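Student: I am new to this structure and would appreciate a close look at one part of it. Please take a single residue and then place it in its wider setting.

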Amino acid sequence: MIIENKTKSLRISQQRFLAAIIFFPLIVVLLATDLIEDKFLELNKYYWAIIATVIYLGQNVYEHLKDFNYIYFSDEEDNKLLLRYVSLKPFDSKKYSIEIKKEDLHSYKINRKSLNFKQELVLFVRTPQGIAKYPPISISALSEGELNQMKKVLNQILGVTT
């Protein structure tokens, strides 16, 4: 089974780009022109610039805290589990790939942080030295259906019945 959140990842990137395209010209127009001379809805242009900045920064902080990733998950190779992910944070486009033999997968855990605000997948594998833990992978960009499919595949590999 292949799980890929390409559509949502693209939508997140487009929203970030669109917000920047709207925000920066809006601030320039507000502060460099006399479009709003006195007051508009009882607020002057500086208050409107502050409101726009707070909204823009709020959106960026939200995306930073959610730590969205593009995720490609596959168990279709014969005996391997493949997980590729790329951070959607600006200026952080490192590509990661995890390839695990199915028989080496020991367990997994899904951490829910900050009142389910952020979800992380942690994989545990058997090594000659013992059980090793992979760093947490943010799966916040997965839909509930994609997350359930991933759990189902991992449980099948582990032989766990739910």
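Student: Does Asn 69 count as buried or exposed, and at what relative accessibility?

Tutor: This is a predicted model. In it, Asn 69 counts as buried because its relative accessibility is 4%, under the 20% limit for that class. The residue lies in strand E2, which covers residues 69-74. A polar atom of the Asn 69 side chain lies 3.1 Å from the backbone oxygen of Ser 138. Ser 138 is also among the contacts of Asn 69 beyond four places in sequence, as are Asn 5, Ser 9, Ile 137 and Ala 141. The run Tyr 85, Val 86, Ser 87 and Leu 88 belongs to that list too.

Strand E2 also takes part in the largest nonpolar core, to which it supplies at least two residues. This core has 20 residues, and Phe 73, Leu 83, Leu 121, Leu 123, Met 150 and Leu 154 have the most contacts inside it. Strands E3, E4, E5 and E6 and helix H3 likewise each supply at least two residues, and the largest share, 4 residues, comes from H3. Leu 121 is in contact with Leu 83, Met 150 and Leu 154, and also with Ile 137, among others. A second, separate core of 7 residues includes Phe 23, Leu 30, Ala 49 and Ala 52.

As for the whole, the protein chain has 3 helices and 8 strands. Its radius of gyration is 22 Å, well over the 15 Å that the globule rule gives for 162 residues, so the chain is more spread out than a compact globule. The C-alpha trace spans about 70 × 30 × 30 Å along its principal axes. Buried residues, of which Asn 69 is one, make up 34% of the 162 residues.

Notes
Residues numbered from 1 in each chain as written. Predicted model: local features only at pLDDT ≥ 70, side-chain atom pairs only at ≥ 80, totals over all residues. Heavy atoms only, no water. Buried < 20%, exposed > 50% of the residue type's maximum accessible area, 1.4 Å probe, protein only. Polar contact = N/O pair within 3.5 Å; in protein donor to acceptor, adjacent residues only side chain to side chain. Contact = heavy atoms within 4.5 Å. Core = buried A, V, L, I, M, F, W, Y, C linked by side-chain atoms within 4.5 Å. Rg over C-alpha atoms; globule rule 2.2 N^0.38 Å.
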